[in-house]
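Biologist: Could you walk me through this model, please? I'd like to begin with what is hidden inside and then move on to the fold.
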Amino acid sequence: MDGPTDHGPAGRTPSPHPSVAVIDAVLRSVTTPMAGSLHVHCTDADGEWYAEPAGGGVVVTREHRKGDAVLRGPAEEIAATLRAGAPTGAVEGLGDPAVLAAWLAAVSG
């Protein structure tokens, strides 16, 4: 039998940042084909996504991959950005501005 597994303080498994689930759900709610891909990277939590147009819709995967546009910042701020439709707080919007604007319009609308 293997030795004990470290599950963090007091033997508990650390819970994921609550905004990571929000980001994941918002990205997966997009059904309209987009003009380019989006990479989302949380700087303070285990959260990274790649979303791209495929088969008349959008495919979202949890991976690091270069996108046409990028949102990068703290998870809570990224979740707020997706709801607001524009980068807020400490979120950086990088890459193709038209692709980023289209993604933000799709997720906030």
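Modeller: This is a predicted model, and of the 109 residues in its chain, 35% count as buried.

Biologist: And how much area does the chain expose?
Modeller: The chain exposes about 6200 Å², and 54% of that area is supplied by carbon and sulfur atoms.

Biologist: OK, new topic: how many helices and strands are there?
Modeller: The secondary structure comes to three helices and five strands, and if you follow the chain from the N terminus, the elements run α-β-β-β-β-α-β-α.

Biologist: In what order do the strands sit in the sheet?
Modeller: The five strands form an open sheet in the order β3-β2-β1-β4-β5, with mixed pairing. The edge strands are β3 (57-61) and β5 (92-95), each of which pairs on one side only, and neighbouring strands are turned against each other by 15° on average, with direction ignored.

Biologist: In what sense do β1 and β2 pair, parallel or antiparallel?
Modeller: Strand β1, residues 38-42, and strand β2, residues 48-54, pair in the antiparallel sense over four bridges, and His-39 stands opposite Tyr-50 in β2.

Biologist: Which strands does helix α2 lie across?
Modeller: Helix α2, which covers residues 75-84, lies across β1 and β4 (69-73), and it runs at about 135° to β4.

Biologist: And what does α3 touch?
Modeller: Helix α3, residues 97-108, packs on the sheet and touches β1, β2, β3, β4 and β5, while its direction makes about 70° with that of β4.

Biologist: Last one: what share of the contacts with a separation of 6 or more comes from residues 24 or more positions apart?
Modeller: Residues 24 or more positions apart account for 54% of those contacts in the chain.

Notes
Residues numbered from 1 in each chain as written. Predicted model: local features only at pLDDT ≥ 70, side-chain atom pairs only at ≥ 80, totals over all residues. Heavy atoms only, no water. Pairing = 2+ DSSP bridges. Helix = DSSP H or I, 4+ residues; strand = E, 2+ residues; numbered from the N terminus. Axes fitted to C-alpha atoms, helices over the stretch in contact; angles between N-to-C directions. Contact = heavy atoms within 4.5 Å. Buried < 20%, exposed > 50% of the residue type's maximum accessible area, 1.4 Å probe, protein only. Areas by Shrake-Rupley, 256 points an atom, 1.4 Å probe, with all protein chains shown as cover.
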